[in-house]
Amino acid sequence: MRRLPDAAGEAALQGDLGGGRDRWRNPDDDLPTDFEANRAENYAKLRKPLDPQVFIDQLRSEMDAELSALNDALGGKGLAWLKIAERRGAGAIQLTPLDAAPDLPTA
């Protein structure tokens, strides 16, 4: 008779508990075998445009609108520790370092 911790440990090593069994899966295996032949129909079901540039432009527009709404909700002042700038070799969202939090008292 096996003890539960041993069985659970073995299952985790084998990836049966979500420990990475699907980590190296090929995402193409999740597509229907006729995906390419029915690309237009499949994209329509996903409600996504066939043209990747249209998808990117829509996504950027949504993100810009939501970030603008956040900025407006903050009174247009934004946050002192957050800067959203045009992308020029670095990330467009920059966070300034915060001061270290004080140590918690020990009991």
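**Exercise 1. Work out how many helices and strands the protein has, and in what order they come.**

Start with the tally: the secondary structure of this predicted model comes to 3 helices and 2 strands. Next, walk along the chain from the N terminus, and the elements read α-α-α-β-β. Three of them can be placed by residue number: helix α1 covers residues 4-13, helix α2 covers residues 39-46, and helix α3 covers residues 52-73.

**Exercise 2. Decide how much confidence the prediction carries, and which elements have the lowest and highest mean pLDDT.**

Take the overall figure to begin with: pLDDT averages 77 for the protein. Then look at the spread, where 72% of the residues score at least 70. Now go element by element: helix α1 has the lowest mean pLDDT, at 52, while α2 has the highest, at 92.

**Exercise 3. Find what share of the residues is buried, and what share of the contacts links residues 24 or more positions apart.**

Burial comes first: of the 107 residues in the protein, 5% are buried. For the contacts, keep those with a separation of 6 or more; residues 24 or more positions apart account for 0% of them. To round this off, check the surface. The protein exposes about 10,000 Å², and carbon and sulfur atoms supply 56% of that area.

**Exercise 4. List the salt bridges and say how exposed each partner is.**

Side chains of opposite charge can pair when their charged atoms come close. The cut-off to apply is a Lys or Arg side-chain nitrogen within 4 Å of an Asp or Glu carboxyl oxygen. With that rule, the count is 3 salt bridges.

- Step one: R25 meets D30, with 2.4 Å from N to O. R25 counts as partly exposed because its relative accessibility is 40%; D30, at 51%, counts as exposed.
- Step two: E36 meets R39 at 2.8 Å, N to O. E36 is exposed, with 54% relative accessibility, whereas R39 is partly exposed at 27%.
- Step three: K45 meets E41 at 3.4 Å, N to O. Both residues sit in helix α2, 4 residues apart, which is about one turn of the helix. K45 counts as exposed, with a relative accessibility of 61%, and E41 is partly exposed at 45%.

**Exercise 5. Identify the aromatic pair and classify its geometry.**

Searching the whole structure turns up 1 aromatic pair. The partners are F35 and Y43, with ring centres 6.1 Å apart and planes at 45°. To classify it, recall that planes under 30 degrees apart would be stacked and over 60 edge-to-face. An angle of 45° therefore makes the F35–Y43 pair tilted. As for F35, is it buried or exposed? Its relative accessible area is 13%, so F35 is buried.

**Exercise 6. Name the residues behind the nonpolar surface patch and explain why F55 can belong to it.**

First, the members: F55, I56, L59 and M63 make a nonpolar surface patch of about 340 Å². Second, place one of them: F55 lies in helix α3. Third, test F55 for exposure. Patch residues need over 30% relative accessible area. F55 has 34%, so it clears that bar while counting as partly exposed.

Terms used: Residues are numbered from 1 along each chain as its sequence is written. This is a predicted model: local features need pLDDT of at least 70, side-chain atom pairs count only at pLDDT 80 or more; totals for chains, interfaces and linings use all residues. Side-chain values use heavy atoms; hydrogens and water are left out. Patches are made of residues with over 30% relative accessible area and no salt bridge: like charges are joined within 9 Å, nonpolar side chains (Val, Leu, Ile, Met, Phe, Trp, Tyr) within 5 Å. Accessible areas come from the Shrake-Rupley method with a 1.4 Å probe; for residues, only the protein chains shown count as cover. Buried means under 20% relative accessible area, exposed over 50%, partly exposed in between (1.4 Å probe, protein chains only). Contact means heavy atoms within 4.5 Å. Rings of Phe, Tyr and Trp (its six-membered ring) pair if their centres lie within 6.5 Å; planes under 30 degrees apart count as stacked, over 60 as edge-to-face and the rest as tilted. pLDDT is the predictor's confidence in each residue, from 0 to 100.
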